[in-house]
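Morning, everyone. Here is a quick walk through one model, with the charged contacts as the main topic.

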Amino acid sequence: MLLLLAEIHNEQQGPANALPLVNQVRARVGLSPLDESISQFQCRLAIENERRFEFAFENQRWFDLVRTNRAQDVVKNQIFNLDWSSHYGGYVPALRPDPNNIIE
């Protein structure tokens, strides 16, 4: 709930109101607080990242990415820009994923 509330505060009032909530979650597990001079966009990504780790193996990531309209960018990056690219590059051209047609 704290991370969802942080998301709302970040979008409506900016990161100054969201970061105390994010840092409360981070402090619970012994992580250092986030820098308070980050932009709204950076805070949005930080909250997304916190949710990614906080809810690992709870099947929340996909729905967060869809809800924030970032699913297509993140999936394309995972497949074509990270270490996976060498794996997919080994496919014959007919089976190679099309970067323009990964997610419709």
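I will go from the overall fold to the salt bridges, then to the loop, the aromatic residues and the surface.

First, a caution: this is a predicted model. Please keep that in mind throughout.

Start with the fold. The protein chain has six helices and zero strands. Read along the sequence, the pattern is α-α-α-α-α-α. The chain counts 104 residues, and 27% of them are buried.

Now the salt bridges. How many salt bridges does the count come to? Eight. I will take three pairs from the set.

Pair one is Glu 11 with Arg 44. Their closest N and O atoms are 2.7 Å apart. Glu 11 lies in helix 1, residues 2–13, and Arg 44 lies in helix 3, so this salt bridge ties together parts that are 33 residues apart in sequence. Buried or exposed? Neither, for this pair: Glu 11 is partly exposed, at 42% relative accessible area. Arg 44 is partly exposed too, at 31%.

Pair two is Glu 48 with Arg 70. Their side chains meet in a salt bridge, 2.7 Å from N to O. This pair also links distant parts of the chain. Glu 48 sits in helix 3, Arg 70 in the loop between helix 4 and helix 5, and 22 residues separate them. Helix 3, for reference, runs over residues 40–54.

Stay on Glu 48 for a moment. Is Glu 48 buried or exposed? It has a relative accessible area of 12%, and the limit for buried is under 20%. So Glu 48 counts as buried. Its partner Arg 70 has a relative accessible area of 25%, so Arg 70 counts as partly exposed. Glu 48 has a further contact. Its side chain makes a polar contact with the side chain of Arg 61, at 3.3 Å. To put the Glu 48 picture together: a salt bridge to Arg 70, and a polar contact to Arg 61.

Pair three is Arg 51 with Asp 64. Here the side chains meet in a salt bridge, again with 2.7 Å from N to O. Arg 51 is in helix 3 and Asp 64 is in helix 4, 13 residues apart, and the pair links distant parts of the chain. Both Arg 51 and Asp 64 are buried. Which residues join Arg 51 and Asp 64 in one network? Glu 7 and Arg 67. Salt bridges that share partners connect the four.

Next, the loop between helix 3 and helix 4. Two residues there deserve a look on the backbone. Phe 57 lies in this loop. Its phi is near 65 degrees, a positive value in a residue other than glycine. Asn 59 lies in the loop between helix 3 and helix 4 as well. Asn 59 has a positive phi of about 60 degrees, and it is not a glycine either. What about cover? Phe 57 has 86% relative accessibility, so it counts as exposed. Asn 59 has 64%, so it counts as exposed too.

On to the aromatic residues. How many aromatic pairs does the count come to? Zero. There is a charge over a ring, though. Arg 52 lies over the face of Phe 53, at 5.8 Å from the ring centre.

Then Phe 80. Its place is in helix 5, residues 71–80. Phe 80 has 24% relative accessibility, so it counts as partly exposed. Look across to Asp 98. Phe 80 and Asp 98 are 18 residues apart in sequence. In space they are 9.7 Å apart, C-alpha to C-alpha.

Last stop, the surface. Trp 62, Phe 63 and Val 66 form a nonpolar patch there. Together these three have about 330 Å² of accessible area. Trp 62 lies in helix 4, which covers residues 61–67. Its relative accessible area is 41%, so Trp 62 counts as partly exposed.

To recap the main topic: Glu 11 bridges to Arg 44, Glu 48 to Arg 70, and Arg 51 to Asp 64. The network adds Glu 7 and Arg 67 to Arg 51 and Asp 64. That is my tour. Happy to take comments.

Definitions and conventions: Residues are numbered from 1 along each chain as its sequence is written. This is a predicted model: local features need pLDDT of at least 70, side-chain atom pairs count only at pLDDT 80 or more; totals for chains, interfaces and linings use all residues. Side-chain values use heavy atoms; hydrogens and water are left out. Patches are made of residues with over 30% relative accessible area and no salt bridge: like charges are joined within 9 Å, nonpolar side chains (Val, Leu, Ile, Met, Phe, Trp, Tyr) within 5 Å. Accessible areas come from the Shrake-Rupley method with a 1.4 Å probe; for residues, only the protein chains shown count as cover. Helices (H or I, at least four residues) and strands (E, at least two) are DSSP runs, numbered from the N terminus. Buried means under 20% relative accessible area, exposed over 50%, partly exposed in between (1.4 Å probe, protein chains only). Rings of Phe, Tyr and Trp (its six-membered ring) pair if their centres lie within 6.5 Å; planes under 30 degrees apart count as stacked, over 60 as edge-to-face and the rest as tilted. A charge sits over a ring if NZ of Lys or CZ of Arg is within 6 Å of the ring centre and within 35 degrees of the ring normal. A polar contact is a pair of N or O atoms within 3.5 Å; within protein, one must be able to donate a hydrogen and the other to accept it, and residues adjacent in sequence count only if both atoms are side-chain atoms.
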